[in-house]
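Hi everyone, thanks for coming. I'd like to walk you through a few packing details and some empty space in one model.

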Amino acid sequence: MEQIQHKFIDVRGLKLHLAEIGSGPNVVVFLHGFPEIWYSWRHQLVALAKAGFRAIAPDYRGHGLSDPPPEPEKASFHDLLDDLLGILDALDLAKVFLIAKDFGVRLAYLFAILHPERVSGVVTLGSPYIPPGALRFSKNLPEGFYISRWQEPGRAEVDFGRFDAKTIVRNVYILFSKSELPIAKENQEVMDLVDKSTPLPTWFTEEDLAAYGDLYEKSGFRTALKVPYRSTGEDFSLPDPTVRVPAFVIMGGKEYFLKFPGFEDFIMSGKVRDFVPDLEITFLPEGTHFVQEQLPDQVNQLILNFLSKHI
């Protein structure tokens, strides 16, 4: 961890934070989810650098150590796509591998569609590529579904506002590590789904929690709530929604995303390959939503196996 270097680069008027380690011509860029940050890739950064790759993990705008946008409520996936392109240009990176999870998956695949000449391949954890509009989860789930709640302007702000950043991250990590969808009752908030006495997952230490807490204490959650939760309806006007680069999906068998209506069938039926012709999928039976932190050695080896086939 101490070998990881930290820098700030100017991208589209903001100073964005990057964690970086390793050197060489083959570059991997990691895209985090929520409530994650560059730190969620700590195990992968070190492992890939040892294997001869240059590994880079940015904090998105408004996350962690990166500057917030001037108006967080207007942040969008388009901003993150443009920021990613700006990062590659600023670092003079002609082509990279993208590794992503959670809402970073959408960012990685959209970037690969829009800029295929800049992407050698995509690895995603916990979710394959889902074309815009292909699956509409919230319409088939109760009102208390966490995404529906966090899409409601102001509601999550009040819910989160009762706690410090460390407690919010703790609660989300506990919730998202389960195999069931987080759904609150009518008169209950999402944060109240976690009892104070519930322990952290065994693979997530108090030191890890403190690192996340410090980073989100700095940035807050305004941008994180806008993207992805309040930006799901963005129009990308894709002329062809097909991913034309090699792709690899690592799914945890206990990933709660599998409980989204239609999600598991989309994968198991093979429909996902209609949009990603060059696709590999591997399941880790005990893996949860945070599989790269939970089972780092297995995930690292799977990633390296894929990368070695496409460099």
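**Helix crossings, a cavity and a pocket**

Let's begin with a pair of helices: α1 passes α11 in a right-handed crossing. Before we go on, please keep in mind that this is a predicted model.

Who makes that contact? On the α1 side you'll find H43, Q44, A47 and L48, and α11 brings P296, V299, N300, I303, L304 and L307. Sorted by class, the residues of this contact are seven nonpolar and three polar, with no charged ones.

Now for the geometry. In general, two packed helices are described by the angle between their axes and the distance between the axes. Here α1 covers residues 42–50 and α11 covers residues 296–310, and they pack at about 45 degrees with their axes 10 Å apart. That angle makes α1 oblique to α11.

On to a second pair. Helix α2, residues 77–90, packs against helix α3, residues 104–114, at an angle of about 65 degrees, and their axes lie 10 Å apart. The two helices are therefore roughly perpendicular to each other. Their crossing is right-handed.

From α2, the contact uses F77, L80, L81, L84, L85 and L88; from α3, it uses R106, L107, L110, F111 and L114. By class that gives ten nonpolar residues, no polar ones and one charged.

Stay with α2 for a moment, please, as we turn to enclosed space. How many cavities of 30 Å³ or more does a search of the whole structure find? The search finds one, and its volume is about 60 Å³.

Which helix gives the most to the lining of this largest cavity? That is α2, with four residues. The full lining is L16, L31, P58, Y60, R61, L80, D83, L84, I87 and L107. You may recognise L80 and L84 of α2 and L107 of α3 from the helix contact I just described. The cavity lining divides into eight nonpolar and two charged residues, with no polar ones.

Last stop: the second largest pocket, which holds about 150 Å³ of space. There are 13 residues in its lining, and F160, G161, I168, G220 and F221 lie nearest the centre. The elements giving two or more residues to this lining are α5 (155–160), α6 (165–176), α7 (206–219) and α8 (222–229). What is the mix of classes in the lining of this pocket? Seven residues are nonpolar, two are polar and four are charged.

That's my tour, and I'm happy to take questions.

Definitions and conventions:
Residues numbered from 1 in each chain as written. Predicted model: local features only at pLDDT ≥ 70, side-chain atom pairs only at ≥ 80, totals over all residues. Heavy atoms only, no water. 1 Å grid on protein atoms, 1.4 Å probe; cavity = no way out; pocket = protein on both sides within 12 Å on 5 of 7 lines; lining within 4 Å. Points joined across faces, edges and corners; volume = space filled by probe spheres on them. Nonpolar A, V, L, I, M, F, W, Y, C, P; charged D, E, K, R; others polar. Axes fitted to C-alpha atoms, helices over the stretch in contact; angles between N-to-C directions. Parallel < 35°, antiparallel > 145°, perpendicular 65-115°, else oblique. Left-handed = near helix turned anticlockwise from the far one by under 90°. Contact = heavy atoms within 4.5 Å.
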